[in-house]
Structures are given as structure tokens and as C-alpha cells.
Amino acid sequence: MKLISQLLQLNLLSFALILGIIIMLIENRRERPHGTDHVIAIVVMLTIIVVNASARDWFLMSGFENDRNYRHDVVMTLFYLRTAIEHILFPMIAYVELLLIAPVKKKHIIFIPEIICIALEIANIAKPGLIFSYNKHLEYVDGPLMMLPYFVGMIYLLLLMRYSILFIKEKEMSKGATVIFIVFLTLAECYLEAAYIVIDLMDEIVALDVIIYYFYLVAIYQSEMKIKLRTSELELERSKRILMISQIQPHFVYNSLTSITYLCDKDASQAKKALIDFSKFLRKNLEAMSHKNLVPISEEIEHTKVYLSLEKIRFGEDLDIVFDIKDIDFILPVLTVQPLVENAVKHGINRSESGCGTVCISTEETEEFHKVVIKDDGGGFDVNSLKDLDGNHIGIFNVRKRLYDECGGKLIIKSAPEKGTECTILIPKEIHDENSGN
């Protein structure tokens with residue numbers, strides 16, 4: 001137990017960091033962010049290095065004899081293999097980090113320095129002294145090519161530095177800054193290790209590099225998933241809008257056509273104008289199916305006027321319409337004003353006790369919002385019924401949802417039975433400015 005305790009003390013940080021990476025990989029096993037396979041490969045190589053170092057430490061603490069001659073001993077052969085593996089794997093980890101972080105195209109060409117390193121390390125085992133050697137007491141001795149593993153690793157780190165600058169130029173500031181930090185941290189360790197200022201901290205530094213970048217990968221993945229989820233929700237809402245638009249109320253079509261038929265005998269020119277308005281109304285609804293951008297309020301007002309011109313044929317003097325347009329410099333989701341006006345006519349004026357009334361449509365600019373108000377003096381309703389989302393109110397829910405999803409807008413409804421209804425659309429100015437490119 002004492003030996004195990006000493007061994008853990010010597011390599012505890014390395015084991016803890018590797019365990020931390022493994023836990024993060026397990027936690028994100030279902031999502032598997034981009035680069036997970038590369039991280040797993042690095043963890044495997046890092047584990048081999050740490051286990052390798054632990055085996056050396058175990059031998060030095062338990063079986064090493066200071067006065068023994070280890071030349072031509074199997075232990076010395078194992079020490080040569082252990083060191084060669086370490087010299088090969090550290091640059092290999094740097095190479096895999098490069099593949100993980102950067103969009104490398106010529107992978108095979110970039111791997112050539114590592115191939116050279118592997119070949120020379122094998123040659124060094126066959127004929128010690130080229131890169132390193134051990135004396136008869138297992139003391140490490142530098143060879144003329146002692147810097148080879150560091151040099152190969154630095155090639156990959158410098159390539160990473162080059163890519164980090166490209167990331168910053170391409171406005172990927174967080175990625176560029178993360179990579180620069182990792183590179184400087186590793187280069188500092190390489191220098192300190194080569195100068196014998198610190199010893200055997202490279203595995204901890206590499207593990208720390210992997211943890212830092214894996215955190216970055218997970219953060220980016222979660223951000224992308226939020227964007228995809230947001231996009232999916234918007235596409236779903238657009239699909240619902242398409243369904244809503246495609247199901248134009250039969251009663252409105254029937255009433256409009258009936259009114260136009262009546263006008264054909266009474267006033268041909270008025271009938272012609274009504275047909276033109278009816279075709280404009282249908283065309284606008286059909287075009288809205290494929291409309292993915294916000295539209296100017298002027299287009300919504302114009303479409304609403306077309307709709308009301310058709311309703312005026314049926315209601316005549318029983319329907320008064322008032323426009324008070326003071327603000328036209330903003331955009332909003334397509335078909336948000338007309339459905340609310342339609343509700344005002346259909347559920348407000350038409351269901352009032354007198355069967356007549358006034359619909360007011362106004363716009364104005366406040367300090368924080370662009371404001372649209374649709375107000376009627378019709379029958380009104382209990383706003384608590386909106387929670388039920390029945391057939392009468394699904395259109396209101398649809399408008400409110402699209403306003404929030406597409407431009408951060410709000411729909412506020414005030415109403416009471418026999419006291420009319422007021423619908424207020426609020427479009428945040430900052431959202432409008434972002435969408436308009438101001």
C-alpha cells in the first residue's frame with residue numbers, strides 16, 4: 001500500500017487530469033461534439049505515456065539498485081523502449097491536436113516529420129547514442145539529436161500558431177485565443193523541459209491543453225445546437241404559418257364572392273375593383289407561404305386595406321375604418337396585422353349587439369418600440385379564454401409566437417365583453433435595427 005501511495009503521489013495530477021477528460025467524454029458521449037475521436041486518441045496516447053512513466057517510477061522506487069551494472073540487461077532495453085515511446089507519442093499528440101483544431105488538408109505531408117522521428121527513434125534503439133542513451137546505472141544521457149522530439153513537436157505547434165492567427169483574421173476570436181493560449185503553454189513547457197528547469201510535466205500540460213480545448217468544443221457544440229434548435233423551431237412555425245395561410249377561411253371566400261356576384265348586377269366597375277382586390281388578397285397570402293424575411297409595415301398596412309375593402313362590400317356603412325399611420329420605418333413578420341384586423345371584424349364588430357362598429361389601425365414610434373395598435377368597439381371577449389387556445393383564438397397565438405420568434409416582438413391584448421378589444425404589437429427598436437442592417 002505504501003508503494004501504491006507513493007506512485008499515486010508522483011503521478012496523481014496526470015491521472016486526475018486524464019480522468020477528468022474521460023468523465024467529460026462520457027458525459028458528452030451522445031452528443032459527440034466535433035473532434036471527439038481526436039480527443040479519444042490523445043487520451044489513449046497520454047494514458048500510455050503516464051502508465052509508462054509510472055512503471056519507470058515504480059521500478060526506480062522498488063527494484064533499482066544503485067551499484068548494479070544494467071548494461072545488456074533486459075531492464076535497460078525496457079528503458080530504451082519506454083523513452084522511445086515517450087519521444088514518439090508527444091509529437092504524435094501535437095500532430096493529432098493539429099488535426100483536431102485546424103482544417104489541415106495535406107495531412108500526409110505534415111506527418112512526414114513524425115515519420116522521421118519514429119525512424120530515428122527506432123535507429124537509436126538499435127544503436128544508442130544518436131538521440132539519447134543510458135549509462136550502466138540507467139542515467140539518461142543526451143545525444144547529438146536530443147532535441148529531435150521537441151523540434152518535431154514544435155513544428156506542429158508553430159503550424160497551430162499559424163492557424164490561430166488565421167482564426168483571428170476570420171473573426172473566430174474565441175477559437176484563435178484558445179489555440180494561442182494552448183500553444184504558448186506547451187512551448188513554455190518544452191523550453192523548461194529542454195533546459196531541465198522542470199522535469200516530467202509535459203503529460204500534465206498536454207492533458208490541460210486537451211481539457212481547455214475540449215471545453216471550447218463542447219461550448220461551440222452547445223451553441224450550434226441552440227442555433228439549430230432555434231432554426232428548427234422557426235421552420236416549424238413557418239410550416240404552421242403555411243398551413244394557416246393555405247387554409248384561408250371558406251366563409252370569407254364565400255362571402256367575398258357572394259358580394260362580388262351581387263355587385264356584378266348592381267355596379268360593374270365596383271365589381272371589377274372588388275375582383276382586383278380579391279386577387280391581391282389571395283396573391284399576398286400565397287406569397288407569404290415562402291416569405292422568410294420580415295416585411296415593411298407599409299406592406300402589412302396595404303394588405304390590410306385590401307382585406308378591409310372586401311369586408312366593406314359586405315358590411316357597408318356598418319363598418320367604419322380609421323387609419324392613423326404615424327410610423328412606417330420598421331419591419332415585422334408577414335401577415336401579423338391583417339389577421340388581427342380580421343379578428344376585430346369577425347369576432348368584434350360582427351358579434352356586437354348592433355352588428356356595426358369602428359376598427360382603428362394606428363402606428364407610432366416610442367423610445368423603445370415601434371407600435372401598432374388595432375382597436376375595435378365591438379363585442380369584446382374575456383382575455384382569460386386565450387389560455388384555452390380554441391378555434392377562435394389560434395390565430396392570435398400564431399401571431400404572438402411568430403412576433404416573438406422572428407423579431408423579439410410582443411402582442412398585448414386588452415378586452416372585455418361588450419367593451420371592445422385593443423391589440424398592441426410592440427417591435428423592439430434594437431431588433432429592427434439588426435434586421436435592417438442599421
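## A sheet and its helices

Helix 11 (residues 297–315) lies across strand 4, strand 6 and strand 7 (369–376). Against strand 4, helix 11 runs at about 165°. The model described here is predicted. A second helix also lies on these strands. Helix 12 (residues 337–349) lies across strand 4, strand 6, strand 7, strand 8 and strand 9 (421–428). Its direction is at about 20° to strand 7.

The strands belong to an open sheet of 5 strands. Their order is 4-6-7-9-8, and the pairing is mixed. Which strands stand at the edges? They are strand 4 (319–325) and strand 8 (410–415). Each has a single partner strand, so one side of each is left without a neighbour in the sheet. On average, neighbouring strands of this sheet are turned by 10° against each other, direction ignored.

## How the strands pair

Strands of a sheet pair through backbone hydrogen bonds, either parallel or antiparallel. Both kinds can be followed here, starting from the edge at strand 4. Strand 4 pairs with strand 6 (residues 357–365) in the parallel sense, over 7 bridges. Across this pairing, I321 stands opposite V359 in strand 6.

Next comes strand 7. Strand 6 and strand 7 pair in the antiparallel sense, over 7 bridges. A hairpin of 3 residues joins strand 6 to strand 7. E365 stands opposite H370 in strand 7. On to strand 9: it runs antiparallel to strand 7, and 8 bridges join the two. H370 appears again here, opposite I427 in strand 9.

Is strand 7 mostly covered or mostly open? It is mostly covered, with 6 of its 8 residues buried.

## Rings in contact

The model holds 12 aromatic pairs. Take Y80 and Y134. Their ring centres are 5.4 Å apart and their planes stand at 90°, so the pair is edge-to-face. This pair links distant parts of the chain. Y80 is in helix 3 (residues 74–101), while Y134 is in strand 1 (residues 132–134), 54 residues apart.

Are these two rings' residues buried or exposed? Y80 is buried, because its relative accessible area is 8% and buried means under 20%. Y134 is also buried, at 7% relative accessibility. Y134 forms an edge-to-face pair with Y140 too. Here the centres are 5.7 Å apart, with 80° between the planes. Y140 counts as partly exposed, at 33% relative accessibility. These three tyrosines belong to a cluster linked by ring pairs. Its members are F59, F64, Y70, F79, Y80, F132, Y134 and Y140.

## Charges over rings

Charged groups also sit over rings. The charged end of R162 sits over the ring of Y163, 5.2 Å from its centre. K175 lies over the face of F167. Here the distance to the ring centre is 4.3 Å.

## Two helices side by side

Two packed helices are described by the angle between their axes and the distance between the axes. Look at helix 5 (residues 112–126) and helix 6 (residues 148–169). Their axes come within 10 Å and cross at roughly 170°. That makes helix 5 roughly antiparallel to helix 6, because angles over 145 degrees count as roughly antiparallel.

Which residues make the contact? Helix 5 supplies P113, E114, C117, L120 and E121. Helix 6 supplies L148, P149, V152, I155 and Y156.

## Two positive phi angles

Most residues other than glycine have a negative phi. Two loop residues go the other way. K171 is not a glycine, yet its phi is positive, at about 70°. Where is K171? It is in the loop between helix 6 and helix 7 (173–194). K171 counts as exposed, with 69% relative accessibility.

The other residue is E418. Its phi is near 65°, a positive value in a residue other than glycine. E418 is found in the loop between strand 8 and strand 9. That loop leads back to the sheet, where strand 8 is one of the edge strands.

Technical notes:
Residues numbered from 1 in each chain as written. Predicted model: local features only at pLDDT ≥ 70, side-chain atom pairs only at ≥ 80, totals over all residues. Heavy atoms only, no water. Phe/Tyr/Trp six-rings, centres within 6.5 Å; stacked < 30°, edge-to-face > 60°. Helix = DSSP H or I, 4+ residues; strand = E, 2+ residues; numbered from the N terminus. Buried < 20%, exposed > 50% of the residue type's maximum accessible area, 1.4 Å probe, protein only. Lys NZ or Arg CZ within 6 Å of the ring centre and 35° of its normal. Pairing = 2+ DSSP bridges. Axes fitted to C-alpha atoms, helices over the stretch in contact; angles between N-to-C directions. Contact = heavy atoms within 4.5 Å. Parallel < 35°, antiparallel > 145°, perpendicular 65-115°, else oblique.
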